[in-house]
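Q: Please take a close look at one part of this structure: the place where two helices pack against each other. I would also like that part set in the context of its surroundings.

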Amino acid sequence: MATVDFDDRGIVVACHSCGQKNRLVYERIGETVRCAKCKDALESPREPIEVRSTADFDRLVSRSSLPVVVDYWAPWCGPCRMVAPEVQKVAARQARRVVVVKVNTDEVPDLGERFGIRSIPTIAVFAGGREVTRSAGARPAEHIEAMIEKAVGHHPFAVFGDFGLGQ
Ligand SMILES: [Zn+2]
């Protein structure tokens, strides 16, 4: 079970080898970072990270070196449960290219209000601190990936060119 959390400077991940907690600084997410204790390369998060506060969301979106994919959802929403495994696939396949987060619109309602989220699930992509695209409704991982690439494929913040989709 991956332990991933936010602090005021970055994403905090546990080292797969020794369990040491390390920070992936927002401005350098996607770069290779080594564990402070055992020096093993740390893996970028391969699962969606749940955002629990507006402050965490704002810090991530404004400072992340990678595009941020946001899945707005709520526990009572059936289509959200359908899209959840698809969002998970995107997070695993596009690790090091995007950061995938989930926003529970019941738990963090001011984000849904600020961005005018009228239906869930809604998937949005942020790059360079602003929203570049969004789409409402459940859809397969491939559609979400195509939407990301269309929105940020040529964006200076994206590194699709360095890694190639699907690797
Ligand atoms: Zn380690």
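A: The following account begins with the helix pair and then turns to the core, the adjoining loops and the backbone exceptions. The model is a predicted one.

Two packed helices are described by the angle between their axes and the distance between the axes. In this model the pair consists of helix α2, residues 78-93, and helix α4, residues 141-152. The axes of α2 and α4 lie 8 Å apart and form an angle of about 50 degrees. Angles of 65 to 115 degrees would count as roughly perpendicular and those under 35 degrees as roughly parallel; α2 and α4 are therefore oblique to each other. The crossing of α2 past α4 is right-handed. On the α2 side the contact is formed by E86, V87, K89 and V90, and on the α4 side by A141, I144 and E145. Sorted by class, the contact comprises four nonpolar and three charged residues, with no polar ones.

Both helices also take part in the nonpolar interior. In soluble globular proteins, nonpolar side chains tend to be buried together. The largest nonpolar core here contains 39 residues, and V68, V69, V70, V101 and V125 have the most contacts inside it. At least two residues of this core come from each of α2, α4, α1 (54-63) and the strands β2 (10-14), β4 (49-51), β5 (68-73), β6 (99-104) and β7 (122-127). For V101, the contacts beyond four places in sequence are P48, I49, V51, L60, V68 and V70.

V51 recurs in the surroundings of D56, a residue of helix α1. Apart from residues up to four places away in sequence, D56 touches F6 and V51. D56 has 19 C-beta neighbours inside 10 Å, whereas a buried residue requires 20 or more; D56 therefore counts as partly exposed. L111 is 55 residues from D56 along the chain, and their C-alpha atoms are separated by 11 Å.

The loop between α2 and β6 contains A95 and also R96. A95 is partly exposed because it has 18 C-beta neighbours inside 10 Å. Its contacts beyond four places in sequence are S44, P45 and R46. Between A95 and G30 the C-alpha distance is 7.9 Å, although 65 residues separate them in sequence. R96 likewise counts as partly exposed, with 18 C-beta neighbours inside 10 Å.

Most residues other than glycine have a negative phi, and most peptide bonds are trans. R96 has a positive phi, near 75 degrees. K39, which is not a glycine either, has a positive phi of about 70 degrees. K39 belongs to the loop between β3 and β4, and it is exposed because 10 other C-beta atoms lie within 10 Å. The peptide bond between I120 and P121 is cis, with omega about 0 degrees; P121 is located in the loop between α3 (109-114) and β7.

The loop between β3 (21-25) and β4 also holds R28. R28 has 14 other C-beta atoms within 10 Å and is therefore partly exposed. The C-alpha atoms of R28 and I148 are 20 Å apart, with their positions 120 residues apart in sequence.

Note on methods
Residues are numbered from 1 along each chain as its sequence is written. This is a predicted model: local features need pLDDT of at least 70, side-chain atom pairs count only at pLDDT 80 or more; totals for chains, interfaces and linings use all residues. Axes are lines fitted to C-alpha atoms, for helices over the stretch in contact, and angles run from 0 to 180 degrees between N-to-C directions. Helices (H or I, at least four residues) and strands (E, at least two) are DSSP runs, numbered from the N terminus. Angles under 35 degrees count as roughly parallel, over 145 as roughly antiparallel, 65 to 115 as roughly perpendicular and the rest as oblique. A crossing is left-handed if the near helix is turned anticlockwise from the far one by less than a right angle, and right-handed if clockwise. Two residues are in contact if their C-beta atoms, placed from the backbone, lie within 7 Å. Ala, Val, Leu, Ile, Met, Phe, Trp, Tyr, Cys and Pro count as nonpolar, Asp, Glu, Lys and Arg as charged, and the others, Gly among them, as polar. A nonpolar core is a set of buried Ala, Val, Leu, Ile, Met, Phe, Trp, Tyr and Cys residues joined through C-beta atoms within 7 Å. A residue is buried if 20 or more other C-beta atoms lie within 10 Å of its own, exposed if 12 or fewer, and partly exposed in between; C-beta atoms are placed from the backbone.
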